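User: I would like to go through how the parts of this protein meet. Please keep the answers short.

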Amino acid sequence: MVMSYPEIAKAPGRVPPNLADYEALRRGWSWDAVRAELELPGGLVNQANECIDRHARRAPDRLAMIWEGSDGRVERLTFEELRRLTNRFANVLRELGIARGDRVFFFADRIPELYVGVFGALKAGAIAAPLFSAFGPEPVAERVRRADGVLMVTTPRLLAKIEAIRADLPSLQHVMVIDRERGATGAHLDYMRLMDGAADEAAIEPTGAEDWSLMHFTSGTTGLPKGAAHVHGAVVGHYATGKYVLDLHPDDVYWCTADPGWVTGTSYGMFAPWSNGVTQLIYEGGFGAGKWFELIERHRVSVWYTAPTAIRMLMKAGARIPQQHDLSSLRYTMSVGEPLNPEGVVWGQEAFGLPFHDNWWQTETGAIMIANYPSVPIRPGSMGKPLPGIEAAIIDDEFRAIDEPMREGQLALRPGWPSMFRTYWKDEERYASRFKGGWYLTGDRAKRDADGYYWFVGRDDDVINTAGHLVGPFEVESVLIEHPAVAEAGVIGKPDAVAMEIVKAFVSLKDGFAPTEELRRELVGHARQRLGPGVAPREIDFLPTLPKTRSGKIMRRLLKARELGLPEGDTSTLED
Ligand code: AMP
């Protein structure tokens, strides 16, 4: 039995949920009513103003950020301090000649300067593009190239990866190094020195709701990653979901474990909490079961947003660990990124008295679209119901809504919500292909039950979801075939008990190369070095040839079916 939030909310010191009655809010929903709760001066909207400056004016000393470094160092920033620092960074950018709409990339660990940098860029009207710091040089180069990045902001630890690709990136005018230890930054721009010399006040670029703000890259079945571009008006969706799905209240300490290199780390690790004026914990380090519970205890985290892979790793570490900590501050917990198994939902309940509330969305949607809410009973294994204000459907192959309960189809959304992406950068055609029959096509398969709960089935494409991060097989295959021994490569997601899927590659070799263990290790090393550990294949198998269609396309579907011992399905297009 999973306890619902109203029961939890009755406990002493607990707060009633912002979303008290799902159906009533859905019936009466108005995005304009949400907008009225924001500032939107003169109809303009800049995410940095809504997330930082308006709070700094009302409550300058309110804590925006509690940061804990990997080494245990703790730093705190108020909204006013954040306002001034982001102003300084906006001034630094303007001084460099960065103009409205320029793409500014960030390649850094979760340090305070990353957050200052992104919001400073937004104030200057630039498009901020944060990248995952575990990427190898190849994924970084692809993304900067696709978006013609003009500035790369990074740290000494990651600088070598940028230096390795810089010559291939003609658009990149500057590299700026954030050296917290204030060492020498060589031939590059010095973030610390530039910030020291910058003024505390800056005018925020007068951006409107449809002006570009942020770019996140996402993978598809074919081709290299696409830059999903978002606009300043998205903050309306971040604020609304922060209020109704994250259930943020003024006194909360909120912790989102996602990295800003992925959309959860910006929408919910920057915009949703801060547009709601809430203090958030930012932890520089990675996963550690004991460490994570220690952080919740030390910083009195009340609302926690994490991911199924992390929950499964916590489960593996055992229920004894949470019991060794005082987790009484926690009142609400959520999960996103991959299907959350019912065991994960219930484990939270057993281990610390709170079920995990699953929710669903993707880079393109910009904000949570389907969710479990505090006041709606959870059906463990379901991702919940559409956000009030969002129309979702299960559609058939002709893009018609399927009304029959529990019939599988593609999950689709009626376009027009504020945080929806507005293009794939320089790829309008692909963007247009995501809209059919009046729907936005999510590319996910799902079902809806008779009571309106949605159940995830799987992806409609070959994209791999490993630990909640999407990996495009093409990107991995391209790097593998660069190796002199490799003739062909096919990459699939292999089911995994913890990470949901791992990246697995099949390769055939060129004449004169033998499939030895040594070569396998060399290929894994090559891929890790180029792609980074999160993207590179964990397993590589050798095959004499790969199954291909008559037109020469590698049949990943067949590789996967064979790997899993499943029926091979339609093989009529297979080459002889
Ligand atoms: P991304 O664009 O990288 O955020 O990945 C979005 C994709 O992750 C979705 O299209 C789904 O395939 C998957 N996903 C996200 N949240 C969930 C969830 N709660 N349950 C199942 N799959 C999810």
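User: How many salt bridges are there between domain 1 and domain 2?

Analyst: This is a predicted model, in which local features need pLDDT of at least 70 and side-chain atom pairs count only at pLDDT 80 or more, while totals for chains, interfaces and linings use all residues. Residues are numbered from 1 along each chain as its sequence is written, and side-chain values use heavy atoms, without hydrogens and water. A salt bridge is a side-chain nitrogen of Lys or Arg within 4 Å of a carboxyl oxygen of Asp or Glu. Between domain 1 and domain 2 the count is 2.

User: Where do domain 1 and domain 2 lie in the numbering?

Analyst: The bounds come from an automatic or database domain assignment. The protein is divided into domain 1 (22-444) and domain 2 (464-564).

User: How many residues does the contact take from domain 1, and how many from domain 2?

Analyst: The C-alpha centres of domain 1 and domain 2 lie 30 Å apart. Contact means heavy atoms within 4.5 Å. On that rule, the contact takes 24 residues from domain 1 and 22 residues from domain 2.

User: Which three residues supply 24% of the area that domain 1 buries against domain 2?

Analyst: Buried area is the accessible area (1.4 Å probe) that two parts lose on being put together, summed over both. Domain 1 and domain 2 bury about 1700 Å² between them, with 60% of it on carbon and sulfur atoms. On the domain 1 side, the three residues that supply more than any other three are Glu138, Ser219 and Trp262.
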